[in-house]
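The exercises below are to be worked through with the sequence and the model side by side. Please attempt each task before reading the solution that follows it.

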Amino acid sequence: MTHLILIRHGPTEWNTERRLQGRNDIPLSEKGRGEVAKWELAPETKGAIWYSSPMIRATETARILGASDPVLEPRLQEMSWGEWEGRFIDEIRAETGGPDLNGGQGLDFCPPGGESRQQVVARLKPFLTKVGKSGKTSVAVTHKGIIEAAMVIATGWDMRGKRPAKVGLGASHHFEVDNDGNLAVIQLNVLGGATP
């Protein structure tokens with residue numbers, strides 16, 4: 001089993017405004033850069049292979065954390081929210097009539113013109129297999145949608161009802177991954193970067 005640490009990127013202005021970013025390439029806010037600079041990394045990250053979503057908010061986070069040249073991995077990009085991208089979350093909730101953007105559809109949910117939750121899970125699986133077969137501790141800076149997909153794979157959560165853990169900005173999530181890309185949870189939602 002291989003140790004995989006997923007870290008959610010630092011805060012952006014759109015996170016503060018509660019707007020859906022999706023594939024919009026929004027940089028970290030000035031405040032976000034300052035917060036990331038204070039995160040402490042777990043000892044396991046020393047000598048690890050560093051991956052990052054190619055989106056600027058993730059690559060900035062990885063570089064501030066000390067990964068000068070992370071491997072850019074397109075499968076770690078945020079979920080596409082299609083026509084909803086750039087819109088305020090509360091505005092969408094008011095239109096759809098519920099607190100859950102999934103509308104109770106779980107893994108079958110797909111925003112208009114976007115990517116379904118099932119597609120995100122399917123897109124992540126080959127990356128997990130690659131990491132598992134490497135046998136090397138890996139750190140990946142990514143997004144909420146990808147971390148939720150990892151929780152689906154690790155726990156069997158169908159994205160209905162209570163999630164296994166909140167995915168906070170800057171939180172890390174520790175997993176073991178096998179050669180087939182199957183995940184087992186070590187610890188979820190560790191705040192402050194990757195301090196266990």
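**Exercise 1.** In this predicted model, determine which helices each supply at least two residues of the lining of the largest cavity, and how the lining residues divide by character.

*Solution.* Begin with the search of the whole structure, which finds 1 cavity of 30 Å³ or more, and note that about 30 Å³ of space lies in this largest cavity. Next, list the lining, which consists of Met79, Arg117, Val120, Val121, Gly145, Glu148, Ala149 and Met159. Helix 5 (117-134) and helix 6 (144-155) are the helices that each supply at least two of these residues. Finally, sort the lining by character, which gives 5 nonpolar, 1 polar and 2 charged residues.

**Exercise 2.** Find which residues have the most contacts inside the largest nonpolar core.

*Solution.* The largest nonpolar core has 34 residues, and within it Leu124 and Phe127 have the most contacts. Two or more residues of this core come from each of strand 1 (2-8), helix 4 (89-96), helix 5, helix 6, strand 5 (172-177) and strand 6 (183-190). Apart from this core lies another, of 13 residues, including Ile7 and Leu28.

**Exercise 3.** Work out the strand order of the sheet and explain why one side of strand 3 and of strand 6 is left without a neighbour.

*Solution.* The 6 strands form an open sheet in the order 3-2-4-1-5-6, with mixed pairing. Strand 3 (71-72) and strand 6 stand at the edges with a single partner strand each, so one side of each has no neighbour in the sheet. Elsewhere, strand 1 and strand 4 (residues 138-142) run parallel and are joined by 5 bridges, and leucine 6 stands opposite alanine 140 in strand 4.

Technical notes
Residues numbered from 1 in each chain as written. Predicted model: local features only at pLDDT ≥ 70, side-chain atom pairs only at ≥ 80, totals over all residues. Heavy atoms only, no water. 1 Å grid on protein atoms, 1.4 Å probe; cavity = no way out; pocket = protein on both sides within 12 Å on 5 of 7 lines; lining within 4 Å. Points joined across faces, edges and corners; volume = space filled by probe spheres on them. Helix = DSSP H or I, 4+ residues; strand = E, 2+ residues; numbered from the N terminus. Nonpolar A, V, L, I, M, F, W, Y, C, P; charged D, E, K, R; others polar. Core = buried A, V, L, I, M, F, W, Y, C linked by side-chain atoms within 4.5 Å. Buried < 20%, exposed > 50% of the residue type's maximum accessible area, 1.4 Å probe, protein only. Pairing = 2+ DSSP bridges.
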